[in-house]
Amino acid sequence: MTSRRSFYKNKTVLVVDDSDQIRSYFKSMLLLIGFDDVTLARDAEMALSNCRRIPFDFILCDFHLGVGRDGYQLFEVLRTEQLLKAECCFLVVSAERQRQAVYGIVEYQPDDYLLKPFSYAELERRITRAYHIKQALKLAYQAIQQREYNDAVQACDHVVDHRSKYALHATRLKAELLVRLERFDEAEHLYHWALTVRDFAWARLGLAVIYGYQGRSDEAEAALQLLSGQAETRIEALDWLTRLYISQQKPAAALAAVEQVAKTSPRNYLRQHVLATLAVIDNRKDLAVQVHQRLLTAARYSMYDTADNMLNFARALLEQAKDQEPKGRAETMRRLDTFLATIKKRFHPTSYEHDRLVIDARIALLEGKTKEALQLLEYSEQLSLEKHLSPAAMLDRARAYFEAGNLAMCDHYMAALSALTQDDNLYCSAISLMMQHEQKKHQQLRQQLMERNAAGMQAYGSGDFSMAIDYFRTALESMPANVNIALNLLQALSMRQTLNGDLKALAQHCIDLIAAGQLPADQQKRYQVIMGHLDL
C-alpha cells in the first residue's frame, strides 16, 4: 500500500452501484486511499447526469446495476457522447469474470475489470496502475480522441524513446494505430517484436488482423481459427473471422462464425445485428426474425433502444412474409400489424413516422395496392427531409422503390447507403455486404425482367400471343408494380379472341395496376387503343 493522500486529494471519482451498502463501502475505502471528492450514483441515469457536469478522473462502475442500463451500456453512452476525458480511468466492477479486450484499446475499452470481493490494497493498486498507464499515454489518448492518429503514434514513440516502464503499453497502442493508418508492415514488425518479449495474446491477434488486411487470407484464417479455440481470445477472434469471411464474400461462413460468438455475448447489440443481417443474406429469414425479436429486449435501456430498432423487427417480419404461403403470410401480417401498433406507445410518431410509412408502403405493395404504396412513399419523402436515416432505413427504402418499379429511386438510396457504410468495423462491413447482396439480387431481377420482356415482345411480334402472355406474366411476377410490363401483358391479352376466367382476372389485375401506377403520358394513347380491343 502506498501513502499518497496528496496525490489523490484533488482527483474526482464517481462510484456507480445499485447497492447502498456497496456504495458506502466503496466511499470509505476511497476516502482512506486519499480521495476527498467522491460522488455516488445508484444507477446509470444518475451517473450520466453527474458526468455531464463533472469531468471525472476515475469511474468505478458495477457491471450489474439492477433495472436499466448495465455498466457496459453506461460506458458506451459516455464514450459516444464524449463525456469521458482522454485520461479518465473507467474500471468495471463485477462479481463475474468479465473479459477484458485483448485487441482494440484504441477503441477505448474499459481500463480494467475489478472482481469482487477485493481488498482495500487491491483497489488502490488497480486504481494507481490504471492512472499511471493513462498518464504515461495521456498525449496519445488525447490525440486519438481528436482522431489525430499520426500525432498519437508520435506520442507513443516519445514514451518508448524515454525507456518508460510503460514502453510495452505504448508499443501495443502504436501497433493498433499503425493498423488504423494502414501502415501494416510497421505494425507487423512491432507485433513480432512483442512476441519475442512474451507470448502476448494481443500480439498474436494483432498479427492475424494484419494478415487479413494484407490479403493473406489463408494465414489470417488459420491464425484466427487457432485463437478462437482459446478462452482469452475466442470472442475477438470470431469477430475478426466474421469480418474476414465477409470480405471474402462468404456469408454462410461469416454467419456460422458470428452465431458462435453471439451465443456467448447475447447482450451485444451490434454483434446480434450483424447476425440478423447475415441471416437475411443467407436466406434464413426466420432466424433474422428471431434475432431482431431478441434485440428488442437486448436494446432496452441501452443507447440502441430506439424506434429504428423496433422497426427493424417489423422489417424482418415483412421480409419473412414475402416468402410465405398465403396462410402463413396472413398470420405474419397480423403479427406485424399488432407489433406496429405498439411502437407509438414508446416513441413519439414524429421520430419515426417517415420510416414507418415505408413499411406501410411495402405492405401495400405486397397486397397489390400500388397507388396507395406510391402515395405513402411520396409522403414519407416529404417527412424525411432533413432527418437522419439509418442504414436499415435506407435499405428498406431501396427495397420499397424496387418493389414499386421506381429503379431510379432504388439506385439513389443504394448509393446513399454505400456512403454510410465506409467505417471499418464489423457492423458496417455486414451492412455493406447486405447492400452488395441486394444490388446483385436487383441486378439479376432486372436482367431477368429485360430478357422475359424482350422474349415476350418477340413472341408478340411473331403472332404467338399465348407465349407472349406467358413471358409477360413471369416478367410481371419479378416486378409486380411495373406498369410498362402490365401494359405489354394487357396488349397481348387483348389479341386473344376470347379470354377464360383466369385470363380475364389477369387482364383486370393489369388494369388495376396501370390505374394505380403512373403510366407515362406517351403510353396513354396506346392504353386507350388496347382497352378498345379488350372484351371483359
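**Disulfides**

I searched the whole structure, a predicted model, and came away with zero disulfides. That made me want to look at individual cysteines.

I started with C61. Which cysteine sulfur is closest to that of C61? It is the one in C51, 9.2 Å away. A disulfide needs the two sulfurs within 2.5 Å, so the C61 sulfur is too far from its closest partner for a bond. I also checked whether C61 is buried or exposed. C61 turns out to be buried, at a relative accessible area of 0%.

Next I went to C89. Its nearest cysteine sulfur belongs to C88 and sits 6.5 Å off, and C89 is in no disulfide. C89 is buried too, with its relative accessible area at 0%.

**Second largest pocket**

I moved on to the pockets and picked the second largest. I noted a volume of about 580 Å³ for this one. How many residues line the second largest pocket? I get 23, and those closest to the centre are K322, E403, E477, S478 and P480.

Then I asked which elements give two or more residues to this lining. My list reads helix 16 (307-322), helix 18 (353-366), helix 20 (391-403), helix 22 (426-461), helix 23 (465-478) and helix 25 (501-516). Helix 22 gives the most, with four residues.

Last, I looked at the chemistry of the lining. I sorted the residues into nine nonpolar, five polar and nine charged.

How values were computed. Residues are numbered from 1 along each chain as its sequence is written. This is a predicted model: local features need pLDDT of at least 70, side-chain atom pairs count only at pLDDT 80 or more; totals for chains, interfaces and linings use all residues. Side-chain values use heavy atoms; hydrogens and water are left out. Buried means under 20% relative accessible area, exposed over 50%, partly exposed in between (1.4 Å probe, protein chains only). On a 1 Å grid over the protein atoms alone, a cavity is a set of points where a 1.4 Å probe fits but cannot get out, and a pocket is an open set with protein on both sides within 12 Å along at least five of seven lines; lining residues have an atom within 4 Å of a point. Grid points are joined across faces, edges and corners, and a volume is the space filled by probe spheres set on the points. Ala, Val, Leu, Ile, Met, Phe, Trp, Tyr, Cys and Pro count as nonpolar, Asp, Glu, Lys and Arg as charged, and the others, Gly among them, as polar.
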